[in-house]
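Here is a short report on one protein model. Look at the sequence and the 3D view, then follow the text with both at hand.

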Amino acid sequence: MGVAGALVWRLLLLLQAVHRAAGARPCSPKYFGRDAMVCVCNATYCDTLDPVVLPALGTYVKYESSKAGKRLERSEGSFQRSLHAPDLVLTVDTTQRYQKVKGFGGSVTDAAAMNILSLPETAQDHLLRSYFSEEGLEYNLVRLPMASCDFSLHAYTYDDVPFDYELTHFSLRDEDTKLKIPLLHRALAMSKQPLSLYASPWTSPTWMKTSESFVGKGTLKGQAGDKYHKTWANYFVRFLDEYAKYNLTFWAVTAENEPSAGLINNYPFQCLGFTAEQQRDFIAQDLGPALANSSHRHIQLIILDDNRLHLPHWAKVVLEDEKAARYIHGIGIHWYLDFIGPIQDTVVPTHELFPDYFILATEACIGAHFWERDVILGCWDRGNQYSHSILTNLNHFVAGWTDWNLALDLEGGPNWVKNYVDSPVIVDTSEGIFYKQPMFYHMGHFSKFIPEGSQRVGLVASKESKKVDLEYTAFLRPDGAVVVVVLNRSPQNITFGLADTVGLIAAVAPASSIQTYLWQRQ
C-alpha cells in the first residue's frame with residue numbers, strides 16, 4: 001500500500017470511530033496491577049450492554065475489548081465499495097458451510113450458587129443479568145452437576161442409603177432446592193431465549209461402587225445389565241423426574257463426568273470410572289433404554305465428557321456399536337489436556353467418522369493445573385486463553401463451549417478438596433461486590449452475537465504465506481446477519497480488511513484485543 005493509500009486508510013478508520021450507544025452502562029474499573037483490570041459491580045451499579053440491533057444495510061457494528069481497557073465497546077462504520085485493500089483481507093464465503101451452533105454458557109455448581117446467593121439481592125440480580133439477559137452475555141447453555149462435585153462443601157449423592165435398589169430414599173438436597181433451582185428459575189425469567197440445561201453426574205452412591213468410596217479408583221460393581229447398572233440408570237431418570245417437579249426440563253445429560261478419572265489410583269474427588277467399552281455397554285443395556293422408556297425420552301445423551309485426548313478412540317468404541325449409538329446424540333469434550341491432544345488429531349477425525357453427532361465443549365477453566373495460580377484478578381491473558389480455545393474449537397466442527405463455575409470466591413472456591421480455580425466472575429462476599437474479569441468479556445464476544453442455530457461459514461485469508469497473528473471465525477446467524485470474531489493475541493496492531501458481498505471494512509485489530517463484527521447482507 002502506497003503512502004496515499006495509507007492516508008486514505010487512516011482517514012477511513014477515523015471516520016469509523018463512532019460514539020457508543022447511549023443505553024449501555026460503562027465498566028466501573030478496578031486495577032490489580034498494570035493492565036490487570038476488572039469491572040466492579042455491587043448492589044447499586046453494574047455495567048450493561050444494549051440489546052443487539054442489526055445495523056442498517058451497508059453499515060456494520062463492531063464490539064471491541066482490549067488489554068488497554070475497552071470492554072465490549074460498541075462502534076459503527078460503513079462498508080467501502082472500492083478501496084486500496086490492505087495486504088490481509090478476510091473474505092466471507094457463505095458457500096462453505098460447516099457445523100450449526102448449539103450455544104455458549106457456564107455451570108451452576110454448588111459453589112457457584114453459594115457465591116451468587118452470598119451477595120445482596122440486587123447484586124445477585126446484576127450478576128445473573130450480566131450472564132443471561134439481553135443487557136448481558138445472553139448465555140443459553142447451563143451445565144449442572146447431578147448431586148455433588150469437588151465444587152461442593154462435602155460429598156453426597158441423592159441416595160446414600162445402602163442397597164436401596166428401588167431408589168425409595170432418592171431425594172434432592174438443599175443444594176438443589178435452596179440454591180441451584182431458585183437460581184435457574186431467576187436465570188430463565190431474565191433470558192429472552194430458552195436455556196438448554198444439561199446435567200452430569202460425578203459419582204454414584206458409594207454402595208454401587210467397587211471402591212465403596214466417593215473418591216479414588218472405582219467403577220460400578222458388577223457389569224452392564226445387572227442390578228447396579230440398572231439402578232444407576234434409573235437414578236438419572238429419578239433426577240430428571242425430581243427436577244421436572246420444579247418445572248425444570250433438561251436438554252441433555254452426559255453419561256458421566258470424566259469417566260477416565262475413576263480409573264486413576266487415589267483420584268482426589270468424586271468420580272466413577274468407565275472405560276469406553278464399559279460406557280458403551282452401560283448405555284446400550286441400561287442408560288439408553290431407561291431414558292427411552294421414561295417421560296424424558298426426548299433428552300439428548302452425550303458421551304465422553306472428558307478430555308479430547310480420548311478421541312477418536314472413545315467415539316469409535318461407543319458409536320460403532322449400533323445398540324449403543326442409537327441412544328446417543330453428541331460427544332462432550334473438556335479442555336484440560338488440549339496441549340497434548342491437538343484438535344486435528346482428536347476432534348477432526350471424530351467429526352469425519354461420525355458427522356451426525358454434535359461435538360460440544362462441556363468444561364473449561366484456568367487454574368486447574370498445579371503450575372497455575374488459582375485466581376489472578378484482571379488477567380487479560382486468561383481471557384485470551386478462553387477465546388483461543390473457543391476459536392480453535394469453533395473452527396474444527398465444535399458446536400459450542402461451556403465454561404465451568406459461573407462464579408467463585410476470591411480464593412477460587414469453595415471446593416471441599418481445595419481444588420481452587422479461576423472464574424470469569426469473582427465474588428467478594430465481605431464487600432457485597434463482584435468482579436467481572438477479562439474472561440467474562442471474552443465469552444461475551446461469542447455468546448452474545450452467535451445465537452443457537454447460527455452456522456459457521458468460510459472466512460478466507462488473502463495471504464497464507466506469511467504467518468498472521470490473527471485468529472478468526474465467521475458465522476451466518478438465523479436472521480441472515482454475518483458475525484465475525486477476530487482475536488489478536490500479539491503485541492502489535494494488525495491492519496486488515498473484512499470483505500463480503502456488501503463491500504469492504506477497513507479494519508485494525510489493536511494489540512491484545514478481541515473484536516466482534518456484525519452486519520446484514522441484504
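## Two strands at one side

β20 and β21 pair in the antiparallel sense, over seven bridges. The model shown here is predicted. A hairpin of two residues joins β20 to β21. A499 in β20 has L504 in β21 as its bridge partner.

β20 has another partner too. Strand β5 (residues 89-100) pairs with strand β20 (residues 494-500) in the parallel sense, over three bridges. Here T91 stands opposite A499. In general, strands of a sheet pair through backbone hydrogen bonds, and the pairing is either parallel or antiparallel.

## The whole sheet

These strands belong to an open sheet of nine strands. The order is β4-β3-β22-β19-β18-β17-β5-β20-β21, and the pairing is mixed. The edges are β4 (73-78) and β21 (503-509), and each of them pairs on one side only. From one strand to the next, the twist averages 30°.

Is the edge strand β21 enclosed or open to the outside? Six of its seven residues are buried, so β21 is largely enclosed by the rest of the structure.

## Helices across the sheet

Helix α10 (residues 380-394) lies across six strands named here: β3 (59-66), β5, β17 (455-461), β18 (470-476), β19 (482-488) and β22 (513-519). Helix α10 runs at about 50° to β18.

Helix α11 (residues 438-447) lies across β3, β19 and β22. Helix α11 runs at about 20° to β22.

## A buried serine

S65 sits in strand β3. Is S65 buried or exposed? S65 is buried because its relative accessible area is 0%, and the cut-off for buried is under 20%.

Which side chain makes a polar contact with the side chain of S65? The partner is the side chain of H445, at 2.7 Å. Beyond its neighbours within four places in sequence, S65 is in contact with K70, R71, L72, W380, Y441, H445, S513 and I514.

## The largest pocket

The largest pocket has a volume of about 990 Å³. Its lining has 40 residues. Nearest the centre lie H388, L391, T392, E471 and R489.

Which elements give two or more residues to this lining? They are β5, α9 (343-353), α10, β17 and β18. The largest share, six residues, comes from β17. Among these elements, α10 also lies across the sheet strands β17 and β18.

Conventions:
Residues are numbered from 1 along each chain as its sequence is written. This is a predicted model: local features need pLDDT of at least 70, side-chain atom pairs count only at pLDDT 80 or more; totals for chains, interfaces and linings use all residues. Side-chain values use heavy atoms; hydrogens and water are left out. Two strands pair if DSSP finds at least two bridges between them. Helices (H or I, at least four residues) and strands (E, at least two) are DSSP runs, numbered from the N terminus. Axes are lines fitted to C-alpha atoms, for helices over the stretch in contact, and angles run from 0 to 180 degrees between N-to-C directions. Contact means heavy atoms within 4.5 Å. Buried means under 20% relative accessible area, exposed over 50%, partly exposed in between (1.4 Å probe, protein chains only). A polar contact is a pair of N or O atoms within 3.5 Å; within protein, one must be able to donate a hydrogen and the other to accept it, and residues adjacent in sequence count only if both atoms are side-chain atoms. On a 1 Å grid over the protein atoms alone, a cavity is a set of points where a 1.4 Å probe fits but cannot get out, and a pocket is an open set with protein on both sides within 12 Å along at least five of seven lines; lining residues have an atom within 4 Å of a point. Grid points are joined across faces, edges and corners, and a volume is the space filled by probe spheres set on the points.
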